[in-house]
Amino acid sequence: MDSILIVLIIIIATILTRSLPFIIFNPKRPAPKFLLYLGKVLPMAVVGMLIVYCLKAIDLSHSPFGFNEIIALLCVVFLQCVFKMSILSIVVGTILYMFLVQTDWLSKFFF
């Protein structure tokens, strides 16, 4: 019974958070300029924070000296600049990074 109640509360909260902006800001009452500004700048700010968060734990004193992360980051930047497809950049960058980390391929060059 408790789990059904929890699921119902989650459903109601999801519906409210998804529909409230459309109810509050309708064509008769447009969104304030500040909210429109936040809608433009926050996505890139979040991406910047994610990059800093992902790169903060790089150990430059041990092999492979952060090259796994740098190569994967450069791959993502290159793919995004060339193809402008976020999903392609994310998937290929993740696969490349996991390959480099799991195989420890770059450490063979730094002994």
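This is a short tour of a predicted model, from the whole chain down to one residue. Local features need pLDDT of at least 70 and side-chain atom pairs pLDDT 80 or more, while totals for chains, interfaces and linings use all residues. Residues are numbered from 1 along each chain as its sequence is written, and side-chain values use heavy atoms, without hydrogens and water.

**Whole chain**

Select the chain and show it as a cartoon. There are four helices and zero strands, in the order α-α-α-α. Helices are DSSP runs of H or I, at least four residues; strands are E runs, at least two; both are numbered from the N terminus.

Switch to the C-alpha trace. Along its principal axes it spans about 65 × 45 × 25 Å. The radius of gyration is 21 Å, where a compact globule of 111 residues would have near 13 Å. That radius is taken over C-alpha atoms, and the globule rule is 2.2 Å times the number of residues to the power 0.38.

**Surface**

Turn on the surface. Of the 111 residues, 11% are buried. Buried means under 20% relative accessible area, exposed over 50%, partly exposed in between (1.4 Å probe, protein chains only).

**Phe65**

Now select Phe65. It sits in the loop between helix 2 (33–55) and helix 3 (67–83). Phe65 counts as partly exposed because its relative accessible area is 30%.

Add Asp59, Leu60 and Phe110. Phe65 touches these three, leaving aside residues up to four places away in sequence. Contact means heavy atoms within 4.5 Å.

Last, select Ser107. Phe65 and Ser107 are 42 residues apart in sequence, yet 8.8 Å apart in space, C-alpha to C-alpha.
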